[in-house]
Every structure is written in structure tokens, then in C-alpha cells.
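Here are a few exercises to work through with the model on screen. Try each one yourself before reading its solution.

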Amino acid sequence: MKKLKKIVNFYVTGFQNMPPWARALWTIILIKLFIMFVVLRLFFFPNQLQNNFESDKDRARHVIENITTP
């Protein structure tokens, strides 16, 4: 637990000691990552296996058929 606290403290103090322009840049980067991985995934990449198949057995069969066919 102490090691985790030291790691978190390292990043927190590093972020606090940054110049304002660097803090703004990191904020923009984090917002863009959030948009890419959360928002775009929700709207543009729905879970096709969950929507098209009823059970895990059907999903597994579909995946195996698509992987093994040339």
C-alpha cells in the first residue's frame, strides 16, 4: 500500500509542478482519450456478438467459424 501511495504522490506532485501550458496540454490529451475510448465506442462500435446471438454457446460457435474459415 505504501508503494502505491508513493507512486500516486509522484504523479500528483509532478502534475502540480508543471507550467500552466503543460497542464493545459495534458488536460486536452486526457479529454481526447476519453472521447476516443468511451464516446466513440458507445456510438460507433456496438457489441455485435451481444446483439446478434442469444447465448454464449452461439457466440463462441460464430467466432470459431469465422476464425477457422480461410
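The expected span of a helix is 1.5 Å times one less than its number of residues. Keep in mind that this is a predicted model.

**Exercise 1.** Work out what helix 2 (residues 20-44) should span, and check that against its end C-alpha atoms.

*Solution.* Start with the length: helix 2 has 25 residues, so at 1.5 Å a residue the expected span is 36 Å. Now look at the ends: the C-alpha atoms there lie 34 Å apart, which agrees. One more thing to spot on the way along helix 2 is a kink of about 30°, centred on I35.

**Exercise 2.** Decide how the rings of F10 and Y11 are arranged.

*Solution.* First, the distance: the ring centres are 5.2 Å apart, and a pair needs centres within 6.5 Å. Next, the angle: planes over 60 degrees apart count as edge-to-face. The planes of F10 and Y11 are at 80°, so this pair is edge-to-face. The count of aromatic pairs comes to 1. As for accessibility, F10 is exposed at 56%, and Y11 is exposed at 57%.

**Exercise 3.** Find out how spread out the protein is next to a compact globule.

*Solution.* Begin with the pattern, which reads α-α-α-α along the sequence. For 70 residues the globule rule gives 11 Å, but the radius of gyration is 21 Å, so the protein is more spread out than a compact globule. Then check burial: buried residues make up 3% of the 70.

Definitions and conventions:
Residues numbered from 1 in each chain as written. Predicted model: local features only at pLDDT ≥ 70, side-chain atom pairs only at ≥ 80, totals over all residues. Heavy atoms only, no water. Phe/Tyr/Trp six-rings, centres within 6.5 Å; stacked < 30°, edge-to-face > 60°. Buried < 20%, exposed > 50% of the residue type's maximum accessible area, 1.4 Å probe, protein only. Helix = DSSP H or I, 4+ residues; strand = E, 2+ residues; numbered from the N terminus. Bend = angle between axes of the 7 residues up to and from the residue. Rg over C-alpha atoms; globule rule 2.2 N^0.38 Å.
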